[in-house]
Amino acid sequence: MRQRLLFEGELSDVTLENVFPTLISKAVETDDDVFLRWNGATIRVEPTDTIDTLMQKYDKEIRLVGLANKMEMPADGRDKHLYRIKNRLAEFYIVAHSFDEAADEMKKRLDKANYGFTSYRTVPSIDDVAVQHFYNEKQSFSDGNANLIIVED
């Protein structure tokens with residue numbers, strides 16, 4: 001195993017443009033790569049890097065960190081479920097936190113669209129089809145139950 005230098009910083013620290021020359025100098029001085037972790041993004045600083053190449057590396061990595069963060073636990077920490085609701089009108093699929101929330105949302109949407117007879121909009125049957133569950137801020141998957149993955153923009 002090789003030993004490497006890792007520098008860490010945050011937005012509240014000095015700007016990246018002020019940090020890069022120091023890191024490049026350290027890489028040239030040691031004739032070895034050093035690493036920078038800044039706001040969750042980690043980049044390799046090579047002796048041949050320039051401020052521009054480091055900024056490009058950082059921009060690329062921070063975008064990847066942003067995409068990964070979209071897959072993290074919801075802010076409220078609650079599981080999301082995929083429910084299947086069957087009534088006299090049709091079969092519906094709804095993502096919600098609870099049976100009640102799913103049933104209420106479906107009825108609200110049908111009422112707003114004035115879809116079908118009012119008495120047909122009731123929820124006589126609802127099934128929990130899949131769940132998106134997080135544990136320790138990472139999505140947890142189950143071998144025995146259906147797993148829900150929600151992609152949000």
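**Exercise 1. A ring pair across two elements**

Is F99 buried, partly exposed or exposed? Work that out, then describe the ring pair that F99 belongs to.

*Solution.* Keep in mind that you're looking at a predicted model.

Step 1. Start with accessibility. F99 has 40% relative accessibility, so F99 counts as partly exposed. The cut-offs are under 20% for buried and over 50% for exposed.

Step 2. Now look for rings. There are two aromatic pairs in the structure. In one of them, the ring centres of Y83 and F99 sit 4.9 Å apart with their planes at 45°, so we call the pair tilted. The tilted label covers angles that are neither under 30 degrees nor over 60.

Step 3. Check the partner. Y83 is at 2% relative accessibility, so Y83 is buried.

Step 4. Place both in the fold. Y83 belongs to strand β4 (residues 80-86) and F99 to helix α3 (residues 99-113), so this pair ties together parts 16 residues apart in sequence.

**Exercise 2. The other ring pair**

What is the geometry of the F117 and Y120 pair, and how exposed is each residue?

*Solution.*

Step 1. Take the two numbers that matter: a pair of aromatic rings is described by the distance of the centres and the angle of the planes.

Step 2. For F117 and Y120, the centres are 5.2 Å apart and the planes stand at 85°, so this one is edge-to-face.

Step 3. Add the surroundings. F117 comes out at 57% relative accessibility and is therefore exposed. Y120, with a relative accessible area of 23%, is partly exposed.

**Exercise 3. Inside the cores**

Which residues of the largest nonpolar core touch the most other members, and which elements supply the core?

*Solution.*

Step 1. Recall the background: in soluble globular proteins, nonpolar side chains tend to be buried together.

Step 2. Find the best-connected members. The largest nonpolar core has 14 residues, and F20, L23, L36 and V45 are the ones touching the most other members.

Step 3. Trace the elements. At least two core residues come from each of α1 (16-30), β2 (34-38), β3 (41-45) and α2 (51-69). With six residues, α1 makes the largest contribution to this core.

Step 4. Zoom in on F20. Beyond its neighbours within four places in sequence, F20 contacts L36, I43, I51, L54 and M55.

Step 5. Don't stop at one core. There's a second, separate core of eight residues, and Y83, I94, A96 and L110 are among them. You've met Y83 already, as the buried half of the tilted pair.

**Exercise 4. A nonpolar residue on the surface**

Where does I149 lie, and what does I149 touch?

*Solution.*

Step 1. Locate I149: this residue is in the segment after β7 (138-140).

Step 2. Classify I149. A relative accessible area of 58% is over the 50% cut-off, so I149 is exposed.

Step 3. List the contacts. Skipping residues up to four places away in sequence, I149 touches Q132, Q139 and F141.

Step 4. Look across the chain. K80 is 69 residues from I149 in sequence, and their C-alpha atoms are 9.4 Å apart in space.

Step 5. Put I149 in context. Together with F141 and V151, I149 makes a nonpolar surface patch of about 360 Å².

**Exercise 5. Charges that pair**

How many salt bridges are there, and which of them can you place in helix α3?

*Solution.*

Step 1. Get the total: the count comes to 12 salt bridges. As for the principle, side chains of opposite charge can pair when their charged atoms come close.

Step 2. Try K86 and E91. Their closest N and O atoms are 3.8 Å apart, which makes a salt bridge because the cut-off is 4 Å. K86 is partly exposed at 37%, and E91 is partly exposed at 40%.

Step 3. Move to α3. R109 bridges to E105, with the closest N and O atoms 2.7 Å apart. These two are four residues apart in the helix, so about one helical turn separates them. R109 is exposed at 59%, whereas E105 is partly exposed at 22%.

Step 4. Take D111 and K107, also in α3 and four residues apart, about one turn. Here the closest N and O atoms are 3.0 Å apart. D111 is partly exposed at 32%, and K107 is partly exposed at 33%.

Step 5. Finish with a network: R4, D32, D33 and R44 are joined into one by salt bridges that share partners.

Terms used: Residues are numbered from 1 along each chain as its sequence is written. This is a predicted model: local features need pLDDT of at least 70, side-chain atom pairs count only at pLDDT 80 or more; totals for chains, interfaces and linings use all residues. Side-chain values use heavy atoms; hydrogens and water are left out. Patches are made of residues with over 30% relative accessible area and no salt bridge: like charges are joined within 9 Å, nonpolar side chains (Val, Leu, Ile, Met, Phe, Trp, Tyr) within 5 Å. Accessible areas come from the Shrake-Rupley method with a 1.4 Å probe; for residues, only the protein chains shown count as cover. A salt bridge is a side-chain nitrogen of Lys or Arg within 4 Å of a carboxyl oxygen of Asp or Glu. Buried means under 20% relative accessible area, exposed over 50%, partly exposed in between (1.4 Å probe, protein chains only). A nonpolar core is a set of buried Ala, Val, Leu, Ile, Met, Phe, Trp, Tyr and Cys residues joined through side-chain atoms within 4.5 Å. Contact means heavy atoms within 4.5 Å. Rings of Phe, Tyr and Trp (its six-membered ring) pair if their centres lie within 6.5 Å; planes under 30 degrees apart count as stacked, over 60 as edge-to-face and the rest as tilted.
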